[in-house]
Amino acid sequence: NERNIGFNKFDNFIAIDLSQSMMLEDYLPNRLGAVKNGVKNFLRNRRICDTGIITFTSKANQVSIQQKDSCYSLSLINALEFDEIMPGTSIVDPIFLAVNSFDKNDKEKKIIIICDGQSNAGNHSEKLIIDIAKKKNVKVHTIGVGYRGPVAFGKDSAGTANFIENTFDDRILKRISKSTGGSYQYAKNSDDITKSLIKILGVN
């Protein structure tokens, strides 16, 4: 049994976007809901306690998904909610946090950013974060979620769906992953997210 409950250092991080654009309903039940389902399906059978969770909007935070008898609490993942207080999104800040939070051992370090590609906030420049990740030999993998064009977001008083235009942009995701030796993958649903995580982190 390779479980080690009570740790707080990891070799991998999955970073989940909690910004308001993840409320959009081009995925079921919405972007964040699809991401949580994909992550839960990946972690439910993972035996090794080597993967942590970071959430981010305009700043990044490491969150605990441990319970006394489990490395990965699906209920705690399911409890992650949109952050309507912190506007904006920074894709680079969770990378900075991960680089400074990894376990100090010789194992390969990976962070997987799951978001819709919008990045309009943060305390660190993209170039700086890429340089730091490369220096620390950290591979940044990215998974894009979202559709281009009009996207459903709630309904008006008459029950008609509202639409927002063009909320997905994967250019920064591709740049960061390519620059750090990671991979970029586009996920059309929660199953794609699970498959992408298995491809990146393997089955353990």
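1. A disulfide is here a pair of cysteine sulfur atoms within 2.5 Å. This is a predicted model, and a search through the whole of the structure turns up one disulfide. The cysteines that form it are C49 and C71, with the two sulfur atoms 1.6 Å apart. The bond connects distant parts of the chain, since its two ends are 22 residues apart. C49 sits in the loop between helix 1 and strand 2 (51–56), while C71 sits in the loop between strand 3 (60–63) and helix 2 (74–78). In general terms, a disulfide is a covalent bond between the sulfur atoms of two cysteines.

2. Are the cysteines C49 and C71 buried or exposed? The cut-off for buried is under 20% relative accessible area. C49 has a relative accessible area of 9%, so C49 is buried. C71 is at 1% relative accessibility and therefore also counts as buried. C115 is at 0% relative accessibility, so C115 counts as buried too. C115 belongs to strand 4 (residues 109–115).

3. The strands to look at next form an open sheet. Six strands make up this sheet, in the order 3-2-1-4-5-8 and with mixed pairing. Strand 3 and strand 8 (184–187) are the edge strands, each pairing on one side only. On average, neighbouring strands of the sheet are turned by 25° against each other, with direction ignored.

4. Two pairings within the sheet can be set side by side. Strand 1 (residues 12–17) and strand 4 (residues 109–115) run parallel and are joined by five bridges; I14 has I112 of strand 4 as its bridge partner. Strand 2 and strand 3 pair in the antiparallel sense, over four bridges. Here F56 has A60 of strand 3 as its bridge partner. Strand 2 and strand 3 also form a hairpin, with three residues between them.

5. Helix 1 covers residues 31–43. What span should its 13 residues have at 1.5 Å a residue? The expected value is 18 Å, and the end C-alpha atoms are 19 Å apart, which agrees. At the N-terminal end, N30 caps the helix: one of its side-chain oxygens lies 3.4 Å from the backbone nitrogen of L32.

6. Where does helix 1 lie? Helix 1 lies across strand 1, strand 2, strand 4 and strand 5 (138–145), and runs at about 160° to strand 1. Of the 13 residues in helix 1, 11 are buried, so the helix is largely enclosed by the rest of the structure. Among the buried residues are R31, K36 and K40, as well as L32, V35, V39, F42 and L43. G33, A34 and G38 are buried as well.

7. Helix 3 (residues 92–99) is likewise a mostly covered element, with six of its eight residues buried. Which residues of helix 3 are buried? They are V92, D93, P94, I95, A98 and V99.

8. A last point concerns Q62, a residue of strand 3, which is an edge strand of the sheet. Q62 is at 36% relative accessibility and so counts as partly exposed. Q62 and S101 are 39 residues apart in sequence, while their C-alpha atoms are 8.8 Å apart in space.

Technical notes. Residues numbered from 1 in each chain as written. Predicted model: local features only at pLDDT ≥ 70, side-chain atom pairs only at ≥ 80, totals over all residues. Heavy atoms only, no water. Expected span 1.5 Å × (residues − 1). Buried < 20%, exposed > 50% of the residue type's maximum accessible area, 1.4 Å probe, protein only. Polar contact = N/O pair within 3.5 Å; in protein donor to acceptor, adjacent residues only side chain to side chain. Pairing = 2+ DSSP bridges. Axes fitted to C-alpha atoms, helices over the stretch in contact; angles between N-to-C directions. Contact = heavy atoms within 4.5 Å.
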